[in-house]
2 protein chains.
Amino acid sequence: MTDRQLPATAWAVLGVLSWDREMTGYDVKQWADHSLTFFYWSPAVSQIYGELKRLEAVGYITGRDEPVDEQRTKRVYAITDDGRKALTEWLEESSVDAPVLKHGVMLRVWLGHMSTPERLRATLLQHREQTEAMLADVTASERSAEHEPDWSYPALVLRWGERYYRNELAQIDELLQELDGR
Amino acid sequence: MTDRQLPATAWAVLGVLSWDREMTGYDVKQWADHSLTFFYWSPAVSQIYGELKRLEAVGYITGRDEPVDEQRTKRVYAITDDGRKALTEWLEESSVDAPVLKHGVMLRVWLGHMSTPERLRATLLQHREQTEAMLADVTASERSAEHEPDWSYPALVLRWGERYYRNELAQIDELLQELDGR
DNA sequence: CGTTGCATGTAAGGTGTTACATGATTAC
DNA sequence: GTAATCATGTAACACCTTACATGCAACG
């Protein structure tokens, strides 16, 4: 309960629970895949279970075994008042570190002199497809979020994501053009 | 020499050496800070030294002790033919994984309901400053790269970076506006 | 004479992934 | 009937950072 510093992933997981829904680790992963993943990243399932354990240990969430049928239970977690307070305090912190971007495609373009224009084109086109898939996903998530009053901030971020991935597409096309012009 | 798979960081370091300049670990760090950092990220110095050791062990680079004055030497590395071949093969690989984005600022906006509009504004304004600094850096790097014929691909990527950070600024302003309008 | 730059590493520790393991239920 | 979904976790391991340690040279 002292303000131990947690990794950003822990805050992200706690954040998923901040809408006051009880969730299993599995649920958290689903939510992460449909929102966090667009601007942060979706932690591995195993890590989520680990973070949940840690968050429970420090009292930011509480777990409860809910019966799912006669023999089995599942563990559902809910944020506590301490957790809400800690999360708000974390958001208060001024130390916002710069976004981390690891763009493997640009790394390859950067090393273009070791490759061929055709190969670069192929890489960019593949990346274009992946980006279009992301854009489709973010747009789909947007539609599920837009009518929920509680999700006005997530909706804001999803719109941001839509613009982000549209820009990424424009950037790819720009690069493809520049590659052609040589 | 067998195609052991190296982490992306190792390829990035090898990439820095792919312009056939002999470099110390320190030099590699400087170069990373002035180019890689805009679209990938700049590894810690200690990691660079580690990667150089590993790359030398697999024969992708060779090290040489160059005298710097009477008593001391520095270790300068150069890429080998094996290294060039391996790097080209790595670029050939189709498995380009999606760019990793960890945007702490957007994580905070996403959790806006746990914070206040004023606090969000402050965070965004701080991020705006950092982004403007990045834009200034990338523009400066562009100027040093634009006249070197060997650096046409890096120059391409730096121009990409300039557009990327300009877009980031536009996105921040858009968010600031949307926050005002509520 | 103190700070910055050059130059090189080790050690410890946290972060995060993949692979493995298990088992019930639901959908095709 | 077999694949996907729900559900949970452990173990091994790789990756990467921070802190620590050292020492000279140059600049102010």
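Colleague: What rotation, and how much shift along its axis, superposes chain B on chain A?

Modeller: In this predicted model, a rotation of 180° with 0.0 Å of shift along its axis superposes chain B on chain A, with an RMSD of 0.1 Å, the fit being by least squares on the C-alpha atoms of residues with pLDDT of at least 70 in both copies. The two copies are thus related as by a two-fold rotation axis.

Colleague: Which residue of chain B comes closest to that axis?

Modeller: That is B:Leu101, whose C-alpha lies at 2.4 Å from the rotation axis. As for the surface used, 100% of the contact residues of chain B recur in chain A, where contact means heavy atoms within 4.5 Å.

Colleague: And how many residues does each chain bring to the contact?

Modeller: Chain B gives 63 residues and chain A gives 65 residues. Between them the chains bury about 6900 Å², 63% of it on carbon and sulfur atoms; buried area is the accessible area (1.4 Å probe) that two parts lose on being put together, summed over both. B:Arg108, B:Trp110 and B:Tyr153 supply 13% of the area that chain B buries against chain A, more than any other three residues.

Colleague: How many salt bridges are there between chain B and chain A?

Modeller: The count is four salt bridges, each being a side-chain nitrogen of Lys or Arg within 4 Å of a carboxyl oxygen of Asp or Glu. One of them joins the side chains of B:Glu178 and A:Arg159, at 2.8 Å from N to O.

Colleague: Switching to strands, what does E3(A) do with E3(B)?

Modeller: Strand E3 of chain A (residues 100-102) and E3(B) run antiparallel and are joined by three bridges, and A:Lys102 stands opposite B:Val100. Strands here are DSSP runs of E with at least two residues, numbered from the N terminus, and two strands pair if DSSP finds at least two bridges between them.

Colleague: Within chain A, which strands form a hairpin?

Modeller: E1(A) and E2(A) do, with five residues between them. Strand E1 (residues 61-67) and strand E2 (residues 73-79) of chain A pair in the antiparallel sense over seven bridges, and A:Glu66 stands opposite A:Lys74 in E2(A).

Colleague: What about numbering and cut-offs?

Modeller: Residues are numbered from 1 along each chain as its sequence is written, while chains are lettered from A and ligands numbered from 1 in the order in which they are written. Local features need pLDDT of at least 70 and side-chain atom pairs count only at pLDDT 80 or more, while totals for chains, interfaces and linings use all residues, and side-chain values use heavy atoms, with hydrogens and water left out.

Note on methods. Helix = DSSP H or I, 4+ residues; strand = E, 2+ residues; numbered from the N terminus.
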